[in-house]
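User: I'm new to reading protein models and would like a close look at a single part. Could you pick one stretch and walk me through how it sits among its surroundings?

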Amino acid sequence: MAGGAMIAGLLHTVPALAPTFDGLVADAVPGTSREHVVDAWMLETAIAEGVTPAVRERVAAHLRHLAESGADAILVTCSSIGEAAEEAAASLGVPVIRVDAAMAAEAARLASAATGAQPRIAVLATNTATLGPTTRLIEREAAAQGVRATVTATVVDGAAAARAAGDQATHDRLIADAVRAAANPAAGEAAAAVLVLAQASMAPAAESAGVDIPVLTSPAGGVARLAEALTPSDPGTPDASANRAAASGSDGTSPENGATP
């Protein structure tokens, strides 16, 4: 890009997702520099205790670091800390994007086109910390679009434990089974019109579910919104980061261009 590469900041709580998002951003906005901050403690604490003041403070500190390092836009790839990121973003001068924001908007849009007086949007997660933030985001988006929908939320039992034990196959199978159950419920239960997988780490499992209803995952939509924020509307306008170099990063930060921590 003219004037120097744009800088994308990415804040993660799952170390394994850093290279995944690094590749997605590199493909979406070629030439973009990527600076990653990975802090697994935030998610571990959110699962054990909720999004505590200490977690919110850590989120804010990491976002400030990325902004001060020269990031032109920041993607927060963890849904569990999405609300904390929104709070912290108010004091920053760069766009901060929740990875599940585009997914929530799409879920509401699809629900509005579904048959029935009040279609159901089913949210699946592998930990309880994600359910609240994602459900509230979808409800907020539905209200903004004027969509009357019921949002239900369910934790996929055993999936998180399987992933923690290194058993990705069982993790994916349990999620796929839950997706099929939501799409084809027991007699007397209403099928979901739209299914939302609340965590980016659940996305690979969606491919094997084989259901007829829309199944939404967050990585592609989140990266698309980041790309929109990083792409100048006028190609002739110098990049905002033209004369800024990315700093080396705070504790837990990988080097620029996405080296895995």
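Analyst: Let's begin with one term: a residue is called buried when its relative accessible area is under 20%. Keep in mind that what you see is a predicted model.

Now take T13, which sits in the loop between strand 1 and helix 1. Its relative accessibility is 3%, and because the cut-off is 20%, T13 counts as buried. Who are its partners? Setting aside residues up to four places away in sequence, T13 touches D39, A40, M42, L43, C78 and I81.

Step back along the chain to L11, in strand 1. This residue is buried too, with a relative accessible area of 0%. Leaving out neighbours within four places in sequence, L11 is in contact with V37, M42, V59, H62, L63, L66, L75, V76, T77, C78 and I81. M42, C78 and I81 appear among the contacts of T13 and also among those of L11. For a feel of how the chain comes back on itself, look at L11 and H36: they are 25 residues apart along the chain, yet their C-alpha atoms are separated by 6.0 Å.

On the other side of the loop comes helix 1, residues 17–28. Does its length add up? What we'd expect, at 1.5 Å a residue, is a span of 16 Å for its 12 residues, and the end C-alpha atoms are 16 Å apart, so the two agree. Its buried residues are L17, A18, F21, D22 and V25. Seen down the helix axis, the buried residues fall within an arc of 135°, so they line one face of helix 1. What does that face pack against? The buried residues of helix 1 pack against strand 1 (7–12), strand 2 (33–38), strand 3 (73–76) and helix 10 (219–230).

Strand 2 deserves a quick stop, as E35 is found there. E35 is buried, at 1% relative accessible area, and its side chain makes a polar contact with the side chain of H65, at 3.0 Å.

Finally, zoom out to the whole protein. There are 10 helices and 8 strands, and 49% of the 261 residues count as buried. Among contacts with a separation of 6 or more, 73% are between residues 24 or more positions apart. The L11 and T13 lists give you a taste of that: L11 is in contact with L75, for instance, and T13 touches C78.

Definitions and conventions. Residues numbered from 1 in each chain as written. Predicted model: local features only at pLDDT ≥ 70, side-chain atom pairs only at ≥ 80, totals over all residues. Heavy atoms only, no water. Helix = DSSP H or I, 4+ residues; strand = E, 2+ residues; numbered from the N terminus. Expected span 1.5 Å × (residues − 1). Buried < 20%, exposed > 50% of the residue type's maximum accessible area, 1.4 Å probe, protein only. Arc of directions from axis to C-beta. Contact = heavy atoms within 4.5 Å. Polar contact = N/O pair within 3.5 Å; in protein donor to acceptor, adjacent residues only side chain to side chain.
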